[in-house]
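Q: Please take a close look at one residue in this model and its surroundings, and then place that part within the chain. I would like a connected account rather than a list.

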Amino acid sequence: MSDPRVVAIVQARMGSSRLPGKVLERAAGRALLDHLAERLGAAKRLSAIVVATTRRPLDDVLEAEAARLGLSCFRGSEDDVLERFVLAARAAHADVVVRITADCPLLDPAEVDRVVAAFLAAPLDYAANFAPDDRRIPLGLSVEVFSRAALERAHAEGRAGYHREHVTPYLYEEKGRFRTCVVHPAEDLSHLRLTVDTPEDLAVVRTVLEAIEGDPDRMSLARAARFLAAHPEIARLNASVRQRSFRESDGPARLDGAWAFFRADATPEVGAGHAMRCLAIAEAWVLAGGRAALLGLVPASIAERFAERGIEVHAVPTRIVPGSEADALWLREAAEARGAVVVVADGYAFEARWLATLRGPFVTAYVDDFSQQDLPVDVVLDPNAGGREEGRGVGPKLVLAGARYTPLRAEFGRDAAPARSFERAPLGLLLTFGASDPARLSLLALRVALAIAASVPLRITVLAGPMHPDLDALRALAASTGEGALRPVIVHDTKDVAALFASIDLAVAAAGSTAWELAAMGAPMLLVAVADNQRAVIDPLVTAGAARRIDLEDARNEAKLADAIEAFVRAGPDAHRAMARACLDLVDGRGASRICRALADAAFARAAQRDRKERA
């Protein structure tokens with residue numbers, strides 16, 4: 001019987017929230033990935049080495065670097081790292097997989113061989129040199145070895161978010177599920193932190209690599225440990241950095257009451273979308289143990305939604321014009337008074353000069369729908385599916401872009417989406433055009449839908465937001481259609497939006513933030529852009545096959561609107577099911593938690609930097 005093919009798969013990406021681009025940072029004249037590749041190449045029990053990165057354009061540079069180093073590269077899902085590993089293992093024809101993360105440039109090749117040898121010596125599914133609750137090896141020297149068959153099973157059965165993001169928890173978290181073994185090192189060096197996850201980590205690892213470069217035993221853990229023992233001031237640089245648990249994949253590190261401030265308005269002129277995006281992020285921040293406040297002009301019903309989630313609401317003083325310098329100064333002073341670590345602004349009145357005035361000791365973030373360049377902020381949020389990190393100029397230090405950062409409230413989690421067959425009659429049709437229906441489409445759409453319902457059985461619901469201008473007219477039209485189950489239902493400013501979206505089959509809607517909520521619920525959509533910024537929403541949804549489009553000019557034409565809605569509802573169950581699948585593939589409901597985690601990491605990194613300056 002031939003020896004098993006043992007493949008090291010190196011998990012790498014450029015988009016780290018704490019230290020973007022860390023794997024290509026340099027030490028001793030070489031990239032950190034180069035150091036790691038050399039050490040893996042010195043391991044005697046590996047058949048091949050594969051760099052497994054994402055399909056994002058940002059990671060093109062990693063594919064090029066892997067090629068320069070003579071390594072294979074596999075590119076797969078950014079979010080589903082477990083799937084990325086499975087596909088990489090298949091492509092490499094691996095029998096046994098060694099999981100290595102790319103932020104470990106001080107990895108000891110002898111440690112890799114030791115764990116592989118232990119795995120091969122016994123009938124095991126999984127072996128590692130650490131346990132989550134019993135670590136003796138330093139962070140940065142972790143080695144996990146598992147069979148391809150065990151990896152395939154974890155891929156088929158592991159459903160939790162942390163299973164997909166951290167690859168191996170399904171293999172070891174439940175005793176008896178797999179044959180596992182922990183092979184601890186002889187010496188307990190767990191007090192050392194030799195991974196690269198923060199600027200403090202990079203300072204330590206870079207110092208060690210440069211100090212031991214050229215030594216005969218420079219690849220050994222013992223050599224790095226001797227250096228740090230002789231220079232405890234270097235080891236102390238990252239001693240206080242907190243490592244996240246594998247279960248924290250869907251949320252930020254514990255926030256311990258840290259304040260986040262949000263600035264957004266909800267008025268008939270600007271709509272409610274900006275405030276509702278902030279609500280989703282603020283809710284996730286509070287759920288992670290932080291405290292949050294909204295500062296803005298919002299109607300009482302929206303203020304109540306914030307308050308119900310434990311978020312303070314403070315109105316902009318009447319003397320202050322939104323978007324003015326006084327507005328930015330008022331927000332900055334309020335944030336500083338509470339010691340806020342993060343301030344998020346969402347609204348088109350908040351331009352570059354306003355953002356520059358806002359800057360303070362906290363992390364500043366701005367929600368940008370227009371791919372603006374050189375914004376004077378620490379974090380740019382572009383939560384639309386077509387959002388890109390590229391083309392932002394030199395200003396932002398961190399860009400969170402794309403559908404994985406679409407902020408949705410907790411009620412829109414993946415488990416909330418109903419299973420729809422689209423074969424029942426009547427079909428449930430939702431009409432909704434924004435909190436204030438600025439294009440005044442609701443009445444026209446209701447008349448059209450009622451006419452279509454004469455030949456296509458429809459159960460029509462109109463969602464009218466808190467600032468809807470035609471609420472009375474909608475109710476009058478619905479009442480005039482007579483009695484019975486098919487009379488339209490007018491829902492005004494409901495707080496239970498997720499349940500409403502679960503009860504319908506199809507939606508005709510404005511392409512605002514509501515479109516992402518509908519997508520998370522797997523509801524096919526016919527969308528109309530009623531504002532310029534909504535093109536950023538509608539285009540990727542249509543491209544993905546999750547929605548159809550009607551232009552605003554056509555939507556205002558009764559005949560053209562009727563044709564579009566009738567074609568949409570008559571598309572048939574197969575077409576509707578395909579659209580629903582596209583919706584769920586695009587939005588997973590965890591965007592707000594990802595944003596909070598990145599904001600928390602940025603805030604913690606800034607605090608650590610401030611502490612270093614104070615110590616100096």
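A: Asp493 has a relative accessibility of 17%, and because the cut-off for buried is under 20%, Asp493 counts as buried. The model is a predicted one. Asp493 is located in the loop that joins S19 to helix H17 (497–503). Its phi is positive, about 50°, although Asp493 is not a glycine. Most residues other than glycine have a negative phi.

His93 also has a positive phi without being a glycine, in this case near 55°. That residue is in the loop between helix H3 (81–91) and strand S6 (96–101). At 59% relative accessibility, His93 counts as exposed, whereas Asp493 at 17% counts as buried. A positive phi is found as well at Gly545, which follows H19 and has a value near 85°.

Another backbone feature concerns a peptide bond. Most peptide bonds are trans. The bond from Ala425 to Pro426 is cis, with omega near 0°. Pro426 is in the loop between S16 and strand S17 (427–432).

The loop of Asp493 begins at S19, and strand S19 (489–492) is also part of the cover over helix H16. H16 comprises residues 471–479, and its buried residues are Leu471, Leu474, Leu477 and Ala478. Viewed down the axis of H16, these buried residues fall within an arc of 130°, so they line one face of the helix. An α-helix has 3.6 residues a turn, so residues three or four places apart point the same way. Besides S19, the elements that cover the buried residues of H16 include helix H15 (442–452) and strand S18 (458–464).

Further along the chain, helix H19 (residues 535–543) has Val537, Ile538, Pro540 and Leu541 buried. Two helices, H18 (513–520) and H22 (573–586), pack against the buried residues of H19, as do strands S21 (525–528) and S22 (547–549). Gln534 is in the loop between S21 and H19. With a relative accessible area of 9%, Gln534 is buried. Neighbours within four places in sequence aside, Gln534 is in contact with Ala510, Ala511, Gly512, Val528 and Ala529. One of these partners, Ala511, is 23 residues away from Gln534 in sequence, with a C-alpha to C-alpha distance of 5.4 Å.

Two more buried residues can be set beside Asp493 and Gln534. Ala401 is in strand S16 (residues 398–401). Its relative accessibility is 9%, which puts Ala401 among the buried residues. Neighbours within four places aside, Ala401 is in contact with Asp382, Gly387, Arg388 and Glu389. Ala401 and Arg135, in turn, are 266 residues apart in sequence and 35 Å apart in space, taken C-alpha to C-alpha.

Arg594 is in helix H23 (residues 591–615). This arginine counts as buried at 5% relative accessibility. Apart from its neighbours within four places in sequence, Arg594 is in contact with Asp79, Arg404, Tyr405 and Asp588.

As for the whole chain, it has 23 helices and 22 strands. Its radius of gyration is 27 Å, close to the 25 Å that the globule rule gives for 616 residues, so the chain is as compact as a globular protein of that length. The C-alpha trace spans about 85 × 65 × 40 Å along the principal axes. Of the 616 residues, 57% count as buried, and Asp493 is one of the residues that count as buried. Among contacts between residues at least 6 apart in sequence, 68% join residues at least 24 apart. The chain exposes about 24600 Å², of which carbon and sulfur atoms supply 51%. There are 76 positive and 83 negative charges in the chain, and their mean positions are 2 Å apart.

To return to the starting point, Asp493 is a buried residue in the loop between S19 and H17, and its phi is positive, about 50°.

Terms used. Residues are numbered from 1 along each chain as its sequence is written. This is a predicted model: local features need pLDDT of at least 70, side-chain atom pairs count only at pLDDT 80 or more; totals for chains, interfaces and linings use all residues. Side-chain values use heavy atoms; hydrogens and water are left out. Buried means under 20% relative accessible area, exposed over 50%, partly exposed in between (1.4 Å probe, protein chains only). Helices (H or I, at least four residues) and strands (E, at least two) are DSSP runs, numbered from the N terminus. The arc is that of the directions from the helix axis to the C-beta atoms. Contact means heavy atoms within 4.5 Å. The radius of gyration is taken over C-alpha atoms; the globule rule is 2.2 Å times the number of residues to the power 0.38. Accessible areas come from the Shrake-Rupley method with a 1.4 Å probe; for residues, only the protein chains shown count as cover. Lys and Arg count as positive and Asp and Glu as negative; His and the chain ends are not counted. The place of a charge is taken as NZ of Lys, CZ of Arg, CG of Asp or CD of Glu.
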